[in-house]
Amino acid sequence: MSYLRFEKAVMTNLEESLRRELLRTNRSGAYSCSTLADCNTRKYHGLLVVPVPELDDDNHVLLSSLDVTVIQHGAEFNLGLHKYQGNNYSPKGHKYIREFDCDKVPTTLYRVGGVLLKKEVVFQHHEDRILLRYTLVDAHSATTLRFKPFLAFRSVRQFTHENSTASREYHPIDNGIKTCMYSGYPELYMQFSKKNEFIFQPDWYRGVEYPKEQERGYASNEDLYVPGYFEMPIKKGESIVFSASTSSIRTSGLKKLFDAEVEARSPRDNFFHCLVNAAHQFYNEKGKERYILSGYPWFKSRARDTFVSLPGLTLAIDEQDKFELVMHTAEKALREFMDDKPLTVNLYEVDQPDVLLWAVWAIQQYAKEVGSEKFISMYGKLLQDIIKYIIDDKHPNLRLDENGLLYSNGRDRAVTWMNSTANGRPVVPRTGYIVEFNALWYNALKFSAAMAAEAEKEDVAKSLEERAELCKTSFVDTFLNEYGYLLDYVDGSMMDWSVRPNMIFAVALDYSPLSQDQKKSVLDVCTRELLTPKGLRSLSPKSGGYNPMYVGPQTQRDYAYHQGTAWPWLGGFYMEACLKLYKRTRLRFIERQMVGYEDEMNYHALGTISELFDGNPPFHGRGGMSFAMNVAEVLRTLKLLEKYTYQK
């Protein structure tokens, strides 16, 4: 039996099938996404969603969905499903689903009387082309298929409505048509592997509703344009391939292309393989540049997320070459920022004060993988330049004080990963001496000192060690309190006593300013007050302002975002801290924690991990359907488990 397989009982129950989503990407920014029952429930859902850089830096839904109708003896059975206002679903094609399987490629089996129809879907790598293959597995009489495309031509952040501006013009092409609703958009090419008849029958389908947007307090209705439909006969055992793309293709090669794309897919037959597949989906190739998308469906490539997730998404799955390719682009952004030059790469938020510190952490993981000699040749100069840039106080919002600690102003603008804002101000105004900034800084100093010593630069190494020692003393004096945990931030007389997960980095990093007993004390507090099956809570239930449920309209969610919700990526550092402190004695404990993540493979977005989770049971997944830092840290934890399991 397949790892990701659902029977008829799940697929025909909309409460079950509509809360499970399926994501496919082309690894170049475009994606295809919907629910298992093929009913779009978000404005971000669509069969073909692509970037249109000529318009903006958002993705755009070109083809929203494709309804398929089985016709026999004049009777029509529409396999599509849409939600309309008033909780009305039509045409209720989900009732024909027999089973769904997602081993190599998503496969849906429909039964209509004596007809058995199989649908398979792949997104061609590095092309804006979605491919669907329909195979008539069984039929007892002549069968015709009708395909009705629903077009949107809009940004993922907007809706489309019936209007007189939309172009109805179309042009016949090889086994299909091309059309474009608005100027500035690319043309949409819809083609089949078989000759067909296109019937021009333009109409608007009004009042399509997206319940996920309703839940989030947004507008949720739109109208979709249908230019007409395609019809063709299909014989028992025959396969027909449909292509939707921003470019034309020779239709005689569609079947071979589909086979080749299927062959290139790795199976999602276990927990690890699902995560590897998810990791590859974040990879974003744009010309000569390589990026990591922070998540789906609305995230872009953010600098902090890139450096936190890069080791897990590449090194943890033995893809060192991808680490180097992404770092090549990221280093360009870092150097342009440090040289105060305009950015020429699309890496966002490079100016955030902790980005340089996370960059050092990322290349430190690379050093552990390849050894100091190769590291020094690849990134030794970058490490040296980052440390010098910080020491020379060149960062606009990162000041190195005489006590050896880094100070950052976060009162008016969110400067840490806890970046939610309300009414233009940070919900959690972390400012001054921020605990993870300084844990990362101590780690960076010690690591750069070690690399300097390896390079036989003894004077440099000695100077860095002295700075690290000063930082260590000040760190303990500033952050460690009498209750055995670390203050979250300190700004003059202002001390944040909230129990938050940011202190875990001082335990998990390779170089810690804390003693063994201090590390154990911090870890114990994290275990008692922050640990959940889905990672660490962003705030302890015992702290003021605890708000663990990420639900409701935008403002309500903004106030809950970092006030008790659970984050799997933080759980990765927590588990690393456990293994470093307690070694093999915590292996079974960590394995049990991983069960909480494996459960997610069958819920929310299949085979990946949501952005965040409610901090209270039953720990529902919320936010973006797939989040790079979460997938990365679970993969890195699995590699750490393997290391400690076989360690003598």
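## Salt-bridge exercises

There are 47 salt bridges in this structure, which is a predicted model. Let's work through a few of them together.

**Exercise 1.** Find the salt bridge between Arg302 and Asp305, and decide whether each partner is buried or exposed.

*Solution.* Start with the contact: the side chains of Arg302 and Asp305 pair with an N to O distance of 2.7 Å. That lies within the 4 Å cut-off, so the pair qualifies as a salt bridge. Next, take the accessibilities. Buried means under 20% relative accessible area. Arg302 has 17%, so Arg302 is buried. Asp305 has 3%, so Asp305 is buried as well.

**Exercise 2.** Classify the two partners of the salt bridge between Asp401 and Arg399 by their accessibility.

*Solution.* First, the closest N and O atoms of Asp401 and Arg399 are 2.6 Å apart. Asp401, at 17% relative accessible area, is buried. Arg399 reaches 40%, so this residue counts as partly exposed.

**Exercise 3.** Explain how Glu633 and Arg636 are placed along helix H17, then describe their salt bridge and its wider network.

*Solution.* Begin with the helix: H17 covers residues 628-645, and because Glu633 and Arg636 are three residues apart in it, about one helical turn separates them. Their salt bridge has its closest N and O atoms 2.8 Å apart. Now check burial: Glu633 is buried at 1% relative accessible area, and Arg636 is buried at 8%. Finally, widen the view: Glu633 and Arg636 belong to a network of salt bridges that also links Lys368, Asp510, Glu576 and Lys580.

Definitions and conventions:
Residues are numbered from 1 along each chain as its sequence is written. This is a predicted model: local features need pLDDT of at least 70, side-chain atom pairs count only at pLDDT 80 or more; totals for chains, interfaces and linings use all residues. Side-chain values use heavy atoms; hydrogens and water are left out. Buried means under 20% relative accessible area, exposed over 50%, partly exposed in between (1.4 Å probe, protein chains only). Helices (H or I, at least four residues) and strands (E, at least two) are DSSP runs, numbered from the N terminus.
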